[in-house]
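This report looks at the empty spaces inside one protein model and at the residues packed around them. It then turns to the nonpolar cores and to one helix.

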Amino acid sequence: MPLDSGSATSISGAVVTAPIAKRVPTERVHHGDVFIDEYEWLRDKENPEVIAHLEAENAYTDAQLEKLQPLREKIYDEIKGRTQETDLSLPTRMGDYWYYSRSFEGKQHGVHCRCPIADADDWDPPRFEVDTEIPGEQVLLDSNELAEGHDFFSLGAFSVSHAGDLLAYSVDTVGDERYVLRFKNLETGELLPDEITGAASGATWSLDGSTVFYQTVDESWRPDTVWRHRLGTDRDADVQVFHEPDESYWVSIGATRSEKFLIIWVGSKITTEAWILESDDPEGEFRVLLPRRDGVEYSAEHAVIGGEDKLLILHNDVVDGVKAVNFVLAEAPLSDPANQTVLIAHRDDVRLEDVDAFSDKLVVSYRREALPRFAVWPLTSEGYGELEEIDFELELFSAGLGGNPEWVTPTLRIGVTSFVTPTQIFDYFPETGERVLRKEQVVLGGYNADDYEQHRDWAVAADGTKIPISIVVRKDGGIGAVNGGFAEGSALPDGPSAAPKPLLLYGYGSYEASIDPGFSVARLSLLDRGAVFAVAHVRGGGEMGRLWYEHGKTLTKKNTFTDFVSCARHLIDTGVTAPDRMIADGGSAGGLLVGAVANLAPELFAGVLANVPFVDPLTSILDPSLPLTVIEWDEWGNPLADKDVYDYMKSYSPYENIEAKDYPAILAITSLNDTRVLYTEPAKWVAKLRATKTGHSQLMLKTEMSAGHGGVSGRYEKWKEVAFEFAWVLDTVGLADR
């Protein structure tokens, strides 16, 4: 079979050829099927030969893309130049303090601070200038100091006790999402001797601040145990308060906004169970709210209705003989959670997602017409007032609650953004309906939202399902183009002769995750060069309700991939773009999407950008010892136990369906310490593609040697990474000279 024998000459004159991984046949046998895997040897990262291969791939990628260094630097400078590097977040009131974070020019990470409130009625957040001294400011945690000397840094927990005198925080300096939990006395600045290693990221305080609850993970990186730690005692004295032996469930713990209760959450992909305890009794026994029942998910929030403690329960159980697929909201007595009264009934066109309770109001979050929305529901002495949806008068937008930690508050902090709207944060006054703009994301360099246009279009899948596509474009078509309006039958403004435009098509389509409209400073570097950005809201996501998710998982997973292909074809057929100028983009489970699409319809794309891509899913899901495998069986099916699932997954696995055909250019990016999608998957994928494909398409693998699933850490490093990706995108679609 033809090999990719491509080579590149670096500026220094060195010729770097495409690495050809050796073949070591490994037999995998399941359900009578024999699969010979020639690159499974790349799984052993303790093997120096594996590291050498990854470094050779990095050297080849560097040499191939060295020509783009000036463009990368230019894009990086654009991102940096549009960003207000020294800035403050909008202060959020909690207890006796305003809490906020600072960023400083030249520093990679944020600094967490607070200053005292003026008095009990002080609800107007202070307006700080970035270059002035803030009276009473206290630096709680400087992540730059914590990150010093480490190639990678991630802050996990940042939890202040209810009295405001103690801080629990955790750090990961490897990228494997195992954190070290520490404690700080905020009155003295002293770091307490207590230290907990190998913890998950969170930390939850008891009401009196004497005790903190944290989680640990099992060998598969699954949070499975909740511990109670009393400050000042040895870790050996910590008490296990909950353990979940079923490997298909995750465990977490948190507190209600009222601060009255602690709740342990136990959840699989399809089933939920909650355990509750009074926060002022940290050594008490947690008790179950509603025992788990397979396929029933619920959340619970404490509220005070008519002077009585109540539970607000959002669930998808059967109501009046009908399964509440899109969830209902019910009220129940604290003493009898099963005795429920439905407050908001099930609707086919509205997916209820959350309810937040405050002392005198509720906020209900939901999804309708592929957009997130929310409504405010006043509480009265008799019960409930009139539910009012907050309208933002935008065709496409994302909106929701911002930082609202307080139980008693006259305002609600809300945020809104869109593809063309930098994030705006308002304080909303429910009593009057007034909205006060408190902060707007600063975009330097003269950004004008009126220069850009966002639009919703629809593709039609083979089974007749309409698939939403979100599109954003610069109205004048970018550099060198002319102004114009929407062309008839097209999703784009008219450019010169309405020529098809370069386009980056992003997709995800798993876990009921919704890819909602959001502003990106970095994306302007694509739009201003004449590229279009589009999101294919394919099945498997949550944009159109729970059934949208159900119809893109397990034995209907292929809908995710064919929906994306339908969106691509629609954008070509309507003249928006053309196959020689379209890039498919996806990360993690979205990497599975674009990997599968590269096999299904390689002729539709000039390139594929795959970040930490899940491209060898069957091998991973067949191995229960790997991180997160067992809990994933509800998402993908269990190929170990079910031959139909095995055959179905094998039929779409990007790695196992590579063929001797011409593929688009591919850039795969991964991290050596990723615990969610192992580096092995893209490494094997690229190796097999290079050994199997025909044609001369460019195949490249870049491995971050000191990072995890989220990639590099630090904002400047992340900007460099984005510039690296965007330069490749622009070069692949012919815009590198802009």
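In sorting residues, Ala, Val, Leu, Ile, Met, Phe, Trp, Tyr, Cys and Pro count as nonpolar, Asp, Glu, Lys and Arg as charged, and the others, Gly among them, as polar. The model shown is predicted.

**Cavities and the largest pocket**

There are four cavities of 30 Å³ or more. The largest cavity holds about 120 Å³ of space. Its lining consists of Thr92, Arg93, Trp98, Trp123, Gly403, Asn404, Pro405, Glu406, Thr409, Thr411, Arg413 and Asp427. By class, three of these residues are nonpolar, five are polar and four are charged.

The second largest cavity holds about 60 Å³. Around it stand Ser220, Arg222, Glu247, Trp250, Pro624, Leu626, Leu628, Thr629, Val630 and Ile631. Helix α9 gives the largest share of this lining, three residues.

The largest pocket has a volume of about 1000 Å³. Its lining has 41 residues, and those nearest the centre are Trp250, Ser268, Lys269, Tyr511 and Glu632. Two or more lining residues come from each of β18 (250–255), β19 (261–267), β22 (298–305), β28 (350–357), α5 (546–550), α8 and α9. Here too α9 gives the largest share, in this case four residues. Trp250 thus appears in the lining of the second largest cavity and in that of the largest pocket.

The table sets out the three linings by class.

| Space | Nonpolar | Polar | Charged |
|---|---|---|---|
| Largest cavity | three residues | five residues | four residues |
| Second largest cavity | six residues | two residues | two residues |
| Largest pocket | 20 residues | eleven residues | ten residues |

**Nonpolar cores**

The largest nonpolar core has 70 residues, and those with the most contacts inside it are Tyr39, Leu503, Leu505, Phe564, Leu571, Phe605 and Trp685. Leaving aside residues up to four places away in sequence, Tyr39 touches Ala21, Lys22, Arg23, Tyr655, Lys684, Ala687, Lys688 and Ala691. A second, separate core of 58 residues includes Val416, Val472, Val521 and Ala727.

**Helix α10**

Which residues of helix α10 are buried? In this helix, residues 643–652, they are Val645, Tyr646, Tyr648, Met649 and Tyr652. An α-helix has 3.6 residues a turn, so residues three or four places apart point the same way. The cover over the buried residues of α10 includes strands β3 (26–30) and β4 (33–37), together with helices α6 (558–573), α7 (589–600), α8 (617–621) and α9 (629–636). At the N-terminal end of α10, Asp642 acts as a cap, with a side-chain oxygen 2.8 Å from the backbone nitrogen of Asp644.

Key
Residues are numbered from 1 along each chain as its sequence is written. This is a predicted model: local features need pLDDT of at least 70, side-chain atom pairs count only at pLDDT 80 or more; totals for chains, interfaces and linings use all residues. Side-chain values use heavy atoms; hydrogens and water are left out. Buried means under 20% relative accessible area, exposed over 50%, partly exposed in between (1.4 Å probe, protein chains only). Contact means heavy atoms within 4.5 Å. A polar contact is a pair of N or O atoms within 3.5 Å; within protein, one must be able to donate a hydrogen and the other to accept it, and residues adjacent in sequence count only if both atoms are side-chain atoms. On a 1 Å grid over the protein atoms alone, a cavity is a set of points where a 1.4 Å probe fits but cannot get out, and a pocket is an open set with protein on both sides within 12 Å along at least five of seven lines; lining residues have an atom within 4 Å of a point. Grid points are joined across faces, edges and corners, and a volume is the space filled by probe spheres set on the points. A nonpolar core is a set of buried Ala, Val, Leu, Ile, Met, Phe, Trp, Tyr and Cys residues joined through side-chain atoms within 4.5 Å.
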